[in-house]
Amino acid sequence: MAIPKEGEFVTIQSYKHDGHLHRTWRDTMVLKTSEYSLIGVNDHTLVTESDGRRWVTREPAIVYFHKKYWFNIIAMIREKGVSYYCNLASPYLLDDEALKYIDYDLDIKVFPDGEKRLLDVDEYEFHSKIMDYPEAIDFILKENVKTLVDWINNEKGPFSEAYVDIWYQRYQELSKK
């Protein structure tokens, strides 16, 4: 697939380790692509769950995907401040159909006041057993949790206030065209 250009839309598909489709986001607007990353925005985006349930995102969210890191980051822009939802996941790949990644259950949520919570540890342990996650994946994910927490603590990349402001402003400019 040709790399999507600024202002174009992509579909995002999240899979589980066993290959089944987990969740799909329709029409994520691309804000920037580079050799290793893609930045986009979801704003009232249709989401379809694997069981067919559908819902629409409530607020604008800047999404960050990387081809080297085993996580992706969603910065949700809310009235009380920015909240982050970070998925521990495989690096993404882009094909003719969608931007795709494998979701490995573990998540870190960061609240506007800076509080951090590691979520879904039980789900990770359960899926690790039934889907037989390799030890190498377990090691990679745990190392990437450390990297992610370092980024959060040091306000790196998507966790800097300027990052969210810049990309949300760019989204507003593109959506007026």
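When I say partly exposed, I mean a relative accessible area that falls between the buried class, under 20%, and the exposed class, over 50%. Keep that in mind for aspartate 27, which at 39% relative accessible area is partly exposed. And before I go on: what we're looking at is a predicted model.

So, aspartate 27. Where does it sit? It's in strand 2. Its phi is near 60°, a positive value, and the residue isn't a glycine. For background, most residues other than glycine have a negative phi. Histidine 44 is another one to look at: this non-glycine residue has a positive phi of about 55°. You'll find histidine 44 in the loop between strand 3 and strand 4, with strand 4 covering 46-49. Is histidine 44 buried or exposed? It counts as exposed, because its relative accessibility is 52% and the cut-off for exposed is over 50%.

Okay, on to the strands. Take strand 7 and strand 8. They run antiparallel, and 8 bridges join them. The link between strand 7 and strand 8 is a hairpin of 2 residues. If you want one pair to click on, isoleucine 74 has tyrosine 85, in strand 8, as its bridge partner. Strand 8 also pairs with strand 10, residues 99-110, again in the antiparallel sense, this time over 5 bridges. There, tyrosine 84 is partnered with valine 110 of strand 10.

Now the largest pocket. How much space lies in it? About 540 Å³. There are 26 residues lining that pocket, and the closest to its centre are Arg23, Trp25, Trp55, Ile74 and Tyr85. So you've met two of those already: isoleucine 74 and tyrosine 85 are the bridge partners I just mentioned. Which strand gives the most to the lining? That's strand 10, with 5 residues. Strand 2, strand 6, strand 7, strand 8 and strand 10 each supply at least two residues of the lining.

Tyrosine 85 turns up once more, as a contact of aspartate 120. Aspartate 120 sits in the loop between strand 11, residues 116-119, and helix 1, residues 121-130. Leaving out residues up to four places away in sequence, aspartate 120 touches Tyr85, Asp105, Leu106 and Asp107. Aspartate 120 counts as partly exposed because its relative accessibility is 31%. Aspartate 138 is 18 residues away from aspartate 120 along the chain, and their C-alpha atoms are separated by 14 Å.

That loop takes us into the helices. In helix 1, the buried residues are Tyr124, His127 and Ser128. Why do I say they're on the same side of helix 1? Because they cover an arc of only 105° around the axis. The other side of helix 1 has Asp122, Phe126, Lys129 and Ile130, which are exposed. The buried ones pack against strand 10 and helix 2. And just after helix 1 there's aspartate 132, with a positive phi of about 55°.

Helix 2 is residues 135-153. With its 19 residues, helix 2 reaches 27 Å from first C-alpha to last, close to the 27 Å expected at 1.5 Å a residue. Its buried residues are Ile137, Leu141, Asn144, Val145, Leu148, Trp151 and Ile152. They sit on the same side of helix 2, because the arc they cover around the axis is only 125°. Over on the other side of helix 2, Glu135, Phe139 and Lys146 are exposed. What do the buried residues of helix 2 pack against? Strand 6, strand 7, strand 8, strand 10, strand 11 and helix 1. Just after helix 2, glutamate 155 takes a positive phi of about 50°.

Last stop, helix 3, residues 161-176. At 1.5 Å a residue, its 16 residues should span 22 Å, and the end C-alpha atoms are 23 Å apart, which agrees. Tyr163, Val164, Trp167, Arg170, Tyr171 and Leu174 are the buried residues of helix 3. They cover an arc of only 135° around the axis, so they're on the same side of helix 3. On the face turned away from that buried side you get the exposed residues Glu161 and Lys176. And the buried residues of helix 3 pack against strand 2, strand 3, strand 6, strand 7 and strand 8.

That's the tour, thanks.

Definitions and conventions: Residues numbered from 1 in each chain as written. Predicted model: local features only at pLDDT ≥ 70, side-chain atom pairs only at ≥ 80, totals over all residues. Heavy atoms only, no water. Helix = DSSP H or I, 4+ residues; strand = E, 2+ residues; numbered from the N terminus. Expected span 1.5 Å × (residues − 1). Buried < 20%, exposed > 50% of the residue type's maximum accessible area, 1.4 Å probe, protein only. Arc of directions from axis to C-beta. Contact = heavy atoms within 4.5 Å. Pairing = 2+ DSSP bridges. 1 Å grid on protein atoms, 1.4 Å probe; cavity = no way out; pocket = protein on both sides within 12 Å on 5 of 7 lines; lining within 4 Å. Points joined across faces, edges and corners; volume = space filled by probe spheres on them.
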